[in-house]
Amino acid sequence: MSIYNQLIFKKAREKRFEKELSKKTCAFSGENSSCGDQITISLEIKDGIVKDAKLDGKGCIISLAAANLLLEEVVGLPVLEAKNLVEGYLEDLKNDTLKTKNTNLSLLGTVSQNPVRIKCAALPARVLSHLL
């Protein structure tokens, strides 16, 4: 079974979060030096809710798909709930339990087949952790 399925390719190419934010509250950048992925995530947080997000950078299919999937999940959530979701995602990646979850993030559950790619899938979550 390949770690690259059609849904991961589709999520990596999505442009939903590539627009400018009208009221950016915070931004943080991270990189995966082992493969060259560089991601910047900006958030608009208002009244304790993640209202919107922007993704900028370049990366492999796994890191971009993970970024888009994570942003889809956190936009609209209270900050604490978003933080818990991101921390749970990182824990699931580490423990190889992501594929058992009933969320869109489970699409990335096959990443554990290639341990080098776990860093790619974790990069956007590490960036989001700094913002939340």
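Two strands count as paired if DSSP finds at least two bridges between them. The exercises below use this definition on a predicted model.

**Exercise 1. The sheet**

Task: Work out in which order the three strands form the sheet, and which strands stand at its edges.

Solution:
- Step 1. Begin with β1 and β2, which are joined by seven bridges and run antiparallel. Seven bridges meet the requirement of at least two.
- Step 2. Look at individual partners. S29 has T40 of β2 as its bridge partner, and G30 stands opposite I39 in β2.
- Step 3. Look at the turn of this hairpin. Four residues lie between β1 and β2, and G36 has a positive phi near 95°.
- Step 4. Add the third strand. The order is β1-β2-β3, in an open sheet with antiparallel pairing. β1 and β3 each have a single partner strand, so they stand at the edges and one side of each lacks a neighbour in the sheet. From one strand to the next, the twist averages 20°.
- Step 5. Place a helix on the sheet. α2 lies across β2 and β3, and runs at about 170° to β3.

**Exercise 2. Positive phi outside glycine**

Task: Describe where D47 and D96 lie, and state whether each is buried, partly exposed or exposed.

Solution:
- Step 1. Recall the usual case. Most residues other than glycine have a negative phi.
- Step 2. Take D47. Its phi is positive, about 55°, although D47 is not a glycine. D47 is found in the loop between β2 (37–46) and β3 (49–58). Its relative accessible area is 72%, and the cut-off for exposed is over 50%, so D47 is exposed.
- Step 3. Take D96. Here too phi is positive, near 55°, in a residue other than glycine. The loop that holds D96 runs between α3 (79–95) and α4 (115–131). D96 has a relative accessibility of 36%, so it counts as partly exposed.

**Exercise 3. A residue of β1 and its contacts**

Task: Decide whether N32 is buried or exposed, and list what it touches.

Solution:
- Step 1. Locate N32: it belongs to strand β1 (residues 26–32).
- Step 2. Apply the cut-off. Buried means under 20%, and N32 has 4% relative accessibility, so N32 is buried.
- Step 3. List the contacts, leaving aside neighbours within four places in sequence. N32 touches D37, K119, C120 and L123.

**Exercise 4. Helix α4**

Task: Compare the expected and actual span of α4, then find where the helix bends.

Solution:
- Step 1. Use 1.5 Å a residue. The 17 residues of α4 should span 24 Å, and the end C-alpha atoms are 26 Å apart, which agrees.
- Step 2. Find the bend. It is about 35° at A122, and the proline P124 follows within four residues.
- Step 3. Find the packing. Among the buried residues of α4 are C120, A122, L123, P124 and L128. The buried residues of this helix pack against β1, β2, α2 and α3.

**Exercise 5. The largest nonpolar core**

Task: Name the residues that touch the most other members of the core, and the element that gives the most to it.

Solution:
- Step 1. The largest nonpolar core has 38 residues, of which I41, L43, L71, Y89, L108 and L128 touch the most other members.
- Step 2. Two or more residues come from each of α1 (6–13), β2, β3, α2 (61–74), α3 and α4. α2 gives the most, with nine residues.
- Step 3. Follow L108. Neighbours within four places aside, L108 is in contact with I8, I62, A65, A66, L69, Y89 and L98.

Definitions and conventions. Residues numbered from 1 in each chain as written. Predicted model: local features only at pLDDT ≥ 70, side-chain atom pairs only at ≥ 80, totals over all residues. Heavy atoms only, no water. Buried < 20%, exposed > 50% of the residue type's maximum accessible area, 1.4 Å probe, protein only. Contact = heavy atoms within 4.5 Å. Core = buried A, V, L, I, M, F, W, Y, C linked by side-chain atoms within 4.5 Å. Axes fitted to C-alpha atoms, helices over the stretch in contact; angles between N-to-C directions. Expected span 1.5 Å × (residues − 1). Bend = angle between axes of the 7 residues up to and from the residue.
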